[in-house]
Amino acid sequence: MKKKIKNQSESGRIKRHYRIRKRLSGTKEVPRLIVHRSHSNIYAQFVDDMAQSTILSLSTNDQAFKKEFGAKGGNVEAAKKLGAYIARESTKKGIQKIVFDRGGYLYHGRIKALADSAREAGLKF
């Protein structure tokens, strides 16, 4: 599956993501948590790769998230709040354990803040 590459750094991220995806797979019991970040928001999805379906999708752009936290979406503080929000919403769906897919992004900054916050709130990676 080839994507149209916008620039060289995006090209490197996509290559890293393909390398990561070769080894990761989610199931209904242990879904894969995919993280995507843009300049202004952070998006997260719980995916069952066996059934090829999305179990839960959350982002800093959701109305419920904005209403509860009122945070701007593109910074580390919003990533921490989204991590806690993800953990809370996933436990409502019965998800306790996940496989973390960082989407080719470096485990640093917003991605690390989201993951650490989700771990503190009770998700097991």
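The side chains of Arg119 and Asp116 meet in a salt bridge, with 3.4 Å from N to O; a salt bridge is a side-chain nitrogen of Lys or Arg within 4 Å of a carboxyl oxygen of Asp or Glu. The model is predicted, so local features need pLDDT of at least 70 and side-chain atom pairs count only at pLDDT 80 or more, while totals for chains, interfaces and linings use all residues. Residues are numbered from 1 along each chain as its sequence is written, and side-chain values use heavy atoms, with hydrogens and water left out. The structure holds nine salt bridges, and its four strands form an open sheet.

**The pair in helix H4**

- Arg119 and Asp116 are three residues apart in helix H4 (residues 110-120), and are therefore separated by about one helical turn. Helices (H or I, at least four residues) and strands (E, at least two) are DSSP runs, numbered from the N terminus.
- Arg119 counts as partly exposed because its relative accessibility is 38%. Asp116, at 25% relative accessibility, also counts as partly exposed.
- For these terms, buried means under 20% relative accessible area, exposed means over 50%, and partly exposed lies in between (1.4 Å probe, protein chains only).

**The salt-bridge network**

- Salt bridges that share partners join Arg21, Arg32, Asp49 and Asp101 into one network.
- Within this network, the side chains of Asp49 and Arg32 meet in a salt bridge of 2.8 Å, N to O. This pair links distant parts of the chain, 17 residues apart: Asp49 is in the loop between E2 and E3, and Arg32 is in strand E1. Both Asp49 and Arg32 are buried.
- Arg32 also meets Asp101 in a salt bridge of 2.7 Å, N to O. Arg32 lies in strand E1 and Asp101 in strand E4 (residues 99-101), so this pair ties together parts that are 69 residues apart in sequence. Asp101, like Arg32, is buried.

**The sheet**

- The strand order is E3-E2-E1-E4, and the pairing is mixed. Two strands pair if DSSP finds at least two bridges between them.
- E3 and E4 are the edge strands, each pairing on one side only.
- From one strand to the next, the twist averages 20°. Axes are lines fitted to C-alpha atoms, for helices over the stretch in contact, and angles run from 0 to 180 degrees between N-to-C directions.
- Helix H4 packs on the sheet, where it touches E1, E2 and E4, and its direction makes about 145° with that of E1. Contact means heavy atoms within 4.5 Å.

**Strand pairs and hairpins**

- Strand E1 (residues 32-37) runs antiparallel to E2, and six bridges join them. Here Arg37 stands opposite Ile42 in E2. The two strands form a hairpin with four residues between them.
- Strand E2 (residues 42-48) is mostly covered, with five of its seven residues buried.
- E2 and strand E3 (residues 53-59) are also antiparallel and are joined by six bridges. Phe46 stands opposite Leu56 in E3. The hairpin of E2 and E3 has four residues between the strands, and Gln52 in this hairpin takes a positive phi near 50°.
- E1 and E4 run parallel, joined by three bridges. Leu33 stands opposite Phe100 in E4.

**A loop residue**

- Gly70 is placed in the loop between helix H2 (63-69) and helix H3 (76-92). Gly70 counts as exposed because its relative accessibility is 59%.
- Gly70 and Phe125 are 55 residues apart in sequence and 27 Å apart in space, C-alpha to C-alpha.
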